[in-house]
Amino acid sequence: MATTSLLPKSTSPFLSNPLSSLPSTHFIKPSPLFNPPDNHSLLITTKRLSFQTHAKKKNPWLDPFDDGEDPDMQYGSLFADGKQDEDPRPPDDPNNPYGFLKFPMGFNPEIASLPLKIRGDVRRCCCIISGGVYENLLFFPAIQLLKDRYPGVLIDVIASARGKQTFELNKNVRWANVYDPDDDWPEPAEYTDILGVMKNRYYDMVLSTKLAGLGHAAFLFMTTARDRVSYIYPNVNAAGAGLLLSETFTAESMNLSERGYNMYEQMVDWLGRPFRSVPRHLVPPLRVSISRRLKEVVAEKYKNAGAEQGKYIVIHGIESASKASMQSRGDTDSLLPIQVWAEIANGLREFRPVFVIPHEKEREGVEDVVGDDASIVFITTPGQLAALINDSAGVIATNTAAIQLANAREKPSIALFSSELKGRLFVPNAEEKKCTVISSTTGKLIDTPVEAVLNAMQIFNESLALA
């Protein structure tokens, strides 16, 4: 009685005998043709389950029943295969008083072409890059991959004020805007302004390296881009973000920079994926381009410091509180006091050490330890640091942007790390890059063996002999 009393009174008569309350004419006995044996139904169920397990879904948040592209789909010959073609440049309008408008009268650039939908072409792409100089510098191979995969694509970048400085070394970027994506509480005016800028540029694809939750995913969704691709949090903070994004990559930790040089491995693997007859694109190496103006400005600086082109070694990573130290977020223990650097610099015989300081207040401390005749260069931008490294014979640095710039310009270098694991993560294939990695055995950078650094300086003499 206790069990039956818990049931609603209105449902008990209906559930007691549902078939008896309906006429028998409403039911047709199933034919044996449409009633397969039990083993056959089990086989169908098994096949269906295996298909759902191995099929790659585009984004399970968007449509749980979307199993990806139909392999039996037949496309026509128009814009169905191959890469996109670079747009021909329209003639300049001589009647335009501004001089920058490249579209003649009567030309409507807002009309999307068929390849954007059929083949997934990307004409305009925006990259929102989280972090400082180091993180933006490591995104250069992804930008080059975009240019190779989508010929003629216009690439814009949104980064922090410090990160924007990096893109004077990249000729593939059209515009770089300052907006800190890592600011959790941005000013409403700045937020709406950058959102309006992105909407007015009609991007086909937006890439973001910031770990996205629902808030950042909504920001990307409001850009109205066709493809919204971003990293997401590896925990519950990512809930709901996939509803607003086209493609997501789950980060392995809360700090993406901890993966080192290959911190964007998931994203570049997706960007270079094969598509119909287009083969997989490999990730190009890190390369930077230096303008003539930068070289002239930096040459004047190091000549005033008493150094000559090709006859000095850049020393970078002096302990300082300045953000211009260009450290990685994945390695906070990456600066050494000037006393250690002075001991290392004493081992240079055939080259002159050039100490790079990130702030003028560090000059007095370097002169007190090294001497008044020390060559000291004040540099705060990655462009000037790259130009200084380009004219040098090599680099001795901790885990700062100087090591990556030396590898990009194919200069011999000695990299100091707090652990062997950090060295493998941030400088993979060190021998191919002419880089000697010296790591501490205690896990602290201050305990890096100076004798090992002095013994590794032979790499500079070998490069000088080859030159």
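**Contacts, cores and aromatic pairs in the predicted model**

Methionine 205 is in contact with Val122, Arg124, Cys125, Cys126, Leu146, Tyr150, Ala225, Asp227, Trp270 and Leu271, when neighbours within four places in sequence are left aside. The structure described here is a predicted model. Methionine 205 belongs to the largest nonpolar core, which has 92 residues. Within this core, the residues with the most contacts are Cys127, Phe139, Leu146, Met205, Leu207 and Tyr264. Helix α15 (residues 401–408) supplies the largest share of the core, with 6 residues. Another core, of 28 residues, lies apart from it and includes Ile344, Leu445, Ile459 and Phe460.

For the protein as a whole, the secondary structure comes to 18 helices and 12 strands. Of the 467 residues, 45% are buried. The exposed area is about 26100 Å², of which carbon and sulfur atoms supply 55%. Among contacts with a separation of 6 or more, 64% are made by residues 24 or more positions apart. The mean pLDDT is 84, and 80% of the residues reach 70 or more. Residues 1–56, however, have a pLDDT below 50, and beyond near neighbours in sequence this stretch has 7 contacts in the model. Where pLDDT is low, predicted coordinates should not be read in detail.

The surroundings of methionine 205 can be followed further through arginine 226. The C-alpha atoms of arginine 226 and methionine 205 are separated by 5.9 Å, although the two residues are 21 residues apart along the chain. Arginine 226 is placed in the loop between α9 and β5. With a relative accessibility of 30%, arginine 226 counts as partly exposed, because this class covers values between 20% and 50%. Not counting residues up to four places away in sequence, arginine 226 touches Leu116, Gly120, Asp121, Val122, Tyr203, Asp204 and Ser246. Val122 is thus listed among the contacts of arginine 226 and among those of methionine 205.

Aromatic residues were examined next. The count comes to 10 aromatic pairs. In one of them, the ring centres of tyrosine 179 and phenylalanine 219 are 6.1 Å apart and the planes stand at 15°, so the pair is stacked. Tyrosine 179 lies in the loop between β3 (173–178) and α8 (188–200), whereas phenylalanine 219 lies in helix α9 (residues 214–221); the pair therefore ties together parts that are 40 residues apart in sequence. Tyrosine 179 and phenylalanine 219 are both buried. A second arrangement is found for tyrosine 231 and phenylalanine 249, whose ring centres are 5.5 Å apart with planes at 55°, so that this pair is tilted. Here the link runs between strand β5 (residues 227–232), which holds tyrosine 231, and strand β6 (residues 247–250), which holds phenylalanine 249, and the two residues are 18 residues apart. Tyrosine 231 and phenylalanine 249 are likewise buried. In addition, Tyr134, Phe417 and Phe426 form one aromatic cluster.

Charged side chains also lie over aromatic rings. Arginine 273 is placed over the face of tryptophan 270, at 4.1 Å from the ring centre. Tryptophan 270 is itself one of the contacts of methionine 205. Lysine 433 lies over the face of tyrosine 261, at 4.2 Å from the ring centre.

Helix α14 was considered as a single element. In this helix, 9 of the 9 residues are buried, so α14 is largely enclosed by the rest of the structure. The buried residues are Pro382, Gly383, Gln384, Leu385, Ala386, Ala387, Leu388, Ile389 and Asn390. Glutamine 384 lies in this helix, which spans residues 382–390. The relative accessible area of glutamine 384 is 16%, and the residue is therefore buried, the limit being 20%. Leaving aside neighbours within four places in sequence, glutamine 384 is in contact with Glu168, Leu294, Val297, Val298, Lys301, Phe378 and Ile379.

Backbone geometry was noted at two further positions. Most residues other than glycine have a negative phi. Tyrosine 202, in the loop between α8 and β4 (205–212), has a positive phi, near 55°. Arginine 276 likewise has a positive phi near 55° and is placed in the loop between α10 (265–271) and α11 (292–304). At 33% relative accessibility, arginine 276 counts as partly exposed.

Definitions and conventions. Residues are numbered from 1 along each chain as its sequence is written. Side-chain values use heavy atoms; hydrogens and water are left out. Rings of Phe, Tyr and Trp (its six-membered ring) pair if their centres lie within 6.5 Å; planes under 30 degrees apart count as stacked, over 60 as edge-to-face and the rest as tilted. Helices (H or I, at least four residues) and strands (E, at least two) are DSSP runs, numbered from the N terminus. Buried means under 20% relative accessible area, exposed over 50%, partly exposed in between (1.4 Å probe, protein chains only). A charge sits over a ring if NZ of Lys or CZ of Arg is within 6 Å of the ring centre and within 35 degrees of the ring normal. Contact means heavy atoms within 4.5 Å. A nonpolar core is a set of buried Ala, Val, Leu, Ile, Met, Phe, Trp, Tyr and Cys residues joined through side-chain atoms within 4.5 Å. Accessible areas come from the Shrake-Rupley method with a 1.4 Å probe; for residues, only the protein chains shown count as cover. pLDDT is the predictor's confidence in each residue, from 0 to 100.
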